[in-house]
Amino acid sequence: MTYDLTRLGNNRFEHLVQALTLGHLGHGVDIFGAGPDGGREATFRGEVNMDGKGKWNGYGVIQAKYKERLTTTSADQKWFFEQVTAELDAWIDRKKKRYSNQPDYLIIATNVPLTSVAESGGLDRLKQLFEHYRDLTEKDERGRPHKIGMPNFGDYDVWHAEYLDRLLENNGEVSRRYADLVLPGDVISRLYDQVTESDARLATAWISHVARELTSDAKVELGESGDSTNSPLALAEIAVDLPSSLNPGQETPSLALRMLVERGDQILSPALTPAARDRVVVLGGPGSGKSTLTRLLCQVYRVALVRKTAGARVTRQVAEGASRIREAFDAADMPNPTLHRLPVRVVLSTFADEVNASTKLTLLQHIVDLINHRGSNPISVSDATRLLTAWPLLVVLDGMDEVASAENRHEVTTRIADFLTEMAALQVDVLTVCTSRPIGFERDDEIDYQELHLTPLTTHDAVHYASRLLASRFPDNPERQEQTLDRLHAASRRNETARLMTSPLQVTILSLLLEQRRQAPASRYALFKNYYDVIYARECNKPRGIGDVLERYRPQFDQLHERCGLAIHARAERAGEADSILPLDELETVARNILESEEHPNQDELIQQILHLAQQRLVLLVPRMDGVAFEVRSLAEFFAARCLMTREDAPEKLELLVPSAHWRHTWLLAAGHIFTERLGLRDTILSRLNDADHNNAVHRLVMPGAALAIDALEDGFAATAPKYEKTLILAALRLVTGPIGSHITRLADALVPFMERSNDLNRTVWQELEALMADHNPGSTRAFLNGLAATDSGIIAARATNKLEDYVERSNRTSIAQGSDDAPSIDDIRSALIEAGILDTAQANQQSLDTLTRKSFDGSESMRWILEARELVVDSYRDNYSRRTKIRASLADAIEHDYVGDTLCP
């Protein structure tokens, strides 16, 4: 068979050569990764059998020479000989490091065809070239010749295009993994070529799923957009790639979708020593575009699979739709995959609820269920594994943070790990992409995701996205597009509104608001509030009957949204309820409670109207399955915050939320409400951060209130109130008095922008540090100074470096006690836990204690012992600084996932 190597590209050709070298020469070959390799893709030492060459014994080097675009035979061979000559020149150059490591043998692999015409053919010319460099001499000052080339060179081999065909033909594992890249024909023909005739229905099932999802995912529901038509928009027309970083703060952001597609273009089969990580988690805050990014990622792969098809395996309408989507992607400079992975997108909240209902459900079974959905010839799990061993896969796991229940999340994570273990055993080439909010994300060593952080949109990014959004919404009204963009530009020049343009959701809402008003709101809470007002006004303009009811009963519908928001967000915290849906019967109960409390007449009639509206759209509540939901999670959090703020005990309720990751953004929105509409509560709400840190021994160690102060600063609700911004700075700095950990680095990174912006805040931070140093408070002072010194802020970094030197000098002069490092015996802690009835005698060891500190509280009375156990463990380590440092991280994660919903919902 003749293979087509033109689609590989240089990097993948190098990896193909490495894989073929391993298969042909054995596992004594050393493979070199990306980066400078001294002219080597791989090397070997010792004895190898070479076809047609006999036995080689020595040091050998394998090189790959890939020409991106083949033209004519003479031009291609000219390029090849230039490349080889340059390599040989480098090996005989005494100034280069590789001179001292000349090979005895050399294998050169190339996609350039070489002819065997006597004397003038490429193969004969290559032989002459190697002989020239082996025998190369020059005369010394006395006129005596001495060799300056590669006198010890033994032999060479060239793996040209025709020879590579034979190697691929003889290596089924490599040729199968590279099938999509090297087989001729269109992509779907290549897919069907890789399965037996009896298994062709497997490929048919998956391609049918791809075609269905391509169509159903083509639109984005901006039903909450505020326009009169309420029509969905084409995802491809408004899509943008998002800035991201693998090392935030340490490298220039790159484009997330492009990075993921480039990763997917690599061969990731465990059998072929993958050149890149095959598991990535995309981390981003609320509204940062994570879910839309996963939809786009799957769409680019779906389009690549079906745009050019063989044998009409998809309908003409689907193929033409794919071509239109690709044209829109090209206009937006979206990446186009060259390795055509089969994509599948798993919504983890749905999977979590199914896992809760069926303990035997695996992730692969769930994926097969997705493939079979709406198909008439279902496949089985064993069917799917046969296909996946023949073709690469993309699995997108969207919304790990939506699985709020600690127990449910553990089960989901376990099933993901089981799936990846099974895929590795089958040698499946699978790229796994997960998404989550960073708050509450738990790193799992067994899965070991590489973390890709979505970074805030720049002003240019925000305006670019807004311009695409407006062009799609008003294609025939350029004046309206320009007017709204002018208002967005004006908002970007004001500090208080520029910070509301850092995520796609914020820019979407801001654009919709500025279509109808001149100035942007100044806080995130105000942004959502104004947004709700605009949508409500739109709904009131609906046909007579609907609009009249909404306008007349606005206070009651406000309460309905608020109570539903609280109920939905509380339900999402529970195992089996991650899908965030409020059943219709509970919606009816909420509505009836509101109307009865106000003694409305004709309650049944009004409730029927509410239920009727809920089946279509009830302002921001939309129908979903057998209930209602909010289209984006941030809206549920907004209304939950408003609901909590209607209560007289609002400060007490908000204090309960301080440690919780699930309720973090609800707390921030509630604080935004206070700083916008209830100014008298500002001191109270911020003092509760300190109160929360003194509630118990665990909180005194973890200091969740101080950690939340960092999020509050970054949220910016206090940005126009300097007194309270300073209060938050001081609250956050309490962390420096406690154990070290990654939270200290985050604190340093978060405070630098405030220190750069305000002389007063800068002075406050340094004064607090001086006080800690003067008091010889060990805490995390050194770690915090290291964090400041590592930032890009020149003045702050230089000052921190000087302070660090001063701190080290003081430490050397003064003995700073950090408590004994002699841990209390396991027996002592075990005795305390046994005496409290928490453990039995068979459970007491270090592992069981570590498990206790990682376990979250589910809110039930039967699990309340966890709270007591934590207190006992923390108290036992009160004089052991190093051990307290170790358990702080696990306790911080545990209390982030403690269930608090029952204490909030009446």
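Among the contacts in the protein with a separation of 6 or more, 71% join residues 24 or more positions apart. The model is a predicted one. Its chain folds into 40 helices and 19 strands, and 55% of the 906 residues count as buried.

Five strands assemble into an open sheet of mixed pairing, with the order E1-E2-E3-E4-E7. The edges of the sheet are formed by strand E1 (30-31) and strand E7 (155-159), each of which pairs on one side only. Strand E1 is joined to strand E2 (residues 42-50) by two bridges in the antiparallel sense, and within this pair Asp30 stands opposite Thr43 of E2. Helix H1 (residues 9-25) packs on the sheet and touches E1, E2, strand E3 (54-65), strand E4 (105-110) and E7. The direction of H1 makes about 165 degrees with that of E3. A further helix, H3 (residues 122-135), lies across E4 and E7 and runs at about 150 degrees to E7.

Within this sheet, Ile107 belongs to strand E4. Its relative accessible area is 0%, so Ile107 is classed as buried, the limit for that class being under 20%. Beyond its neighbours within four places in sequence, Ile107 is in contact with Leu25, Met50, Trp56, Val61, Ile62, Gln63, Asp157 and Trp159. One of these partners, Ile62, lies 45 residues away along the chain, yet the C-alpha atoms of Ile62 and Ile107 are separated by 4.7 Å.

Two helix pairs were examined for their packing geometry. Packed helices are described by the angle between their axes and by the distance between those axes. In the pair formed by helix H8 (residues 200-216) and helix H11 (residues 290-306), the axes come within 10 Å and cross at roughly 125 degrees. This angle falls outside the ranges for roughly parallel (under 35 degrees), roughly perpendicular (65 to 115) and roughly antiparallel (over 145), and H8 and H11 are therefore oblique to each other. The crossing of H8 and H11 is left-handed. On the H8 side the contact is made by Val210, Glu213 and Leu214, and on the H11 side by Gln299, Arg302, Val303, Leu305 and Val306. By class, five residues of the contact of H8 with H11 are nonpolar, one is polar and two are charged.

In the second pair, helix H26 (residues 633-645) packs against helix H28 (residues 664-677) at an angle of about 55 degrees, with the axes 8 Å apart. H26 and H28 are likewise oblique to each other, but H26 passes H28 in a right-handed crossing. The residues of H26 that take part are Ser634, Glu637, Phe638, Ala640, Ala641, Leu644 and Met645, which meet His665, Thr666, Leu669, Ala670, His673 and Ile674 of H28. The contact of H26 with H28 divides into eight nonpolar residues, four polar residues and one charged residue.

Burial was also assessed for individual helices and residues. In helix H14 (residues 363-372), seven of the 10 residues are buried, so H14 is largely enclosed by the rest of the structure. The buried positions are Leu363, Leu364, His366, Ile367, Val368, Ile371 and Asn372. Elsewhere, Gln506 lies in helix H20 (residues 504-514) and is buried, with a relative accessible area of 12%. Not counting residues up to four places away in sequence, Gln506 touches Arg499, Leu500, Met501, Arg524 and Leu527.

Two loop residues adopt a positive phi without being glycine. Arg374, just after H14, has phi near 70 degrees. Arg374 is placed in the loop between H14 and helix H15 (381-388), and with a relative accessible area of 55% it is exposed. Asn602 has a positive phi of about 55 degrees and is found in the loop between helix H24 (584-597) and helix H25 (603-614). Asn602 also counts as exposed, at 57% relative accessibility.

Definitions and conventions: Residues are numbered from 1 along each chain as its sequence is written. This is a predicted model: local features need pLDDT of at least 70, side-chain atom pairs count only at pLDDT 80 or more; totals for chains, interfaces and linings use all residues. Side-chain values use heavy atoms; hydrogens and water are left out. Axes are lines fitted to C-alpha atoms, for helices over the stretch in contact, and angles run from 0 to 180 degrees between N-to-C directions. Helices (H or I, at least four residues) and strands (E, at least two) are DSSP runs, numbered from the N terminus. A crossing is left-handed if the near helix is turned anticlockwise from the far one by less than a right angle, and right-handed if clockwise. Contact means heavy atoms within 4.5 Å. Ala, Val, Leu, Ile, Met, Phe, Trp, Tyr, Cys and Pro count as nonpolar, Asp, Glu, Lys and Arg as charged, and the others, Gly among them, as polar. Two strands pair if DSSP finds at least two bridges between them. Buried means under 20% relative accessible area, exposed over 50%, partly exposed in between (1.4 Å probe, protein chains only).
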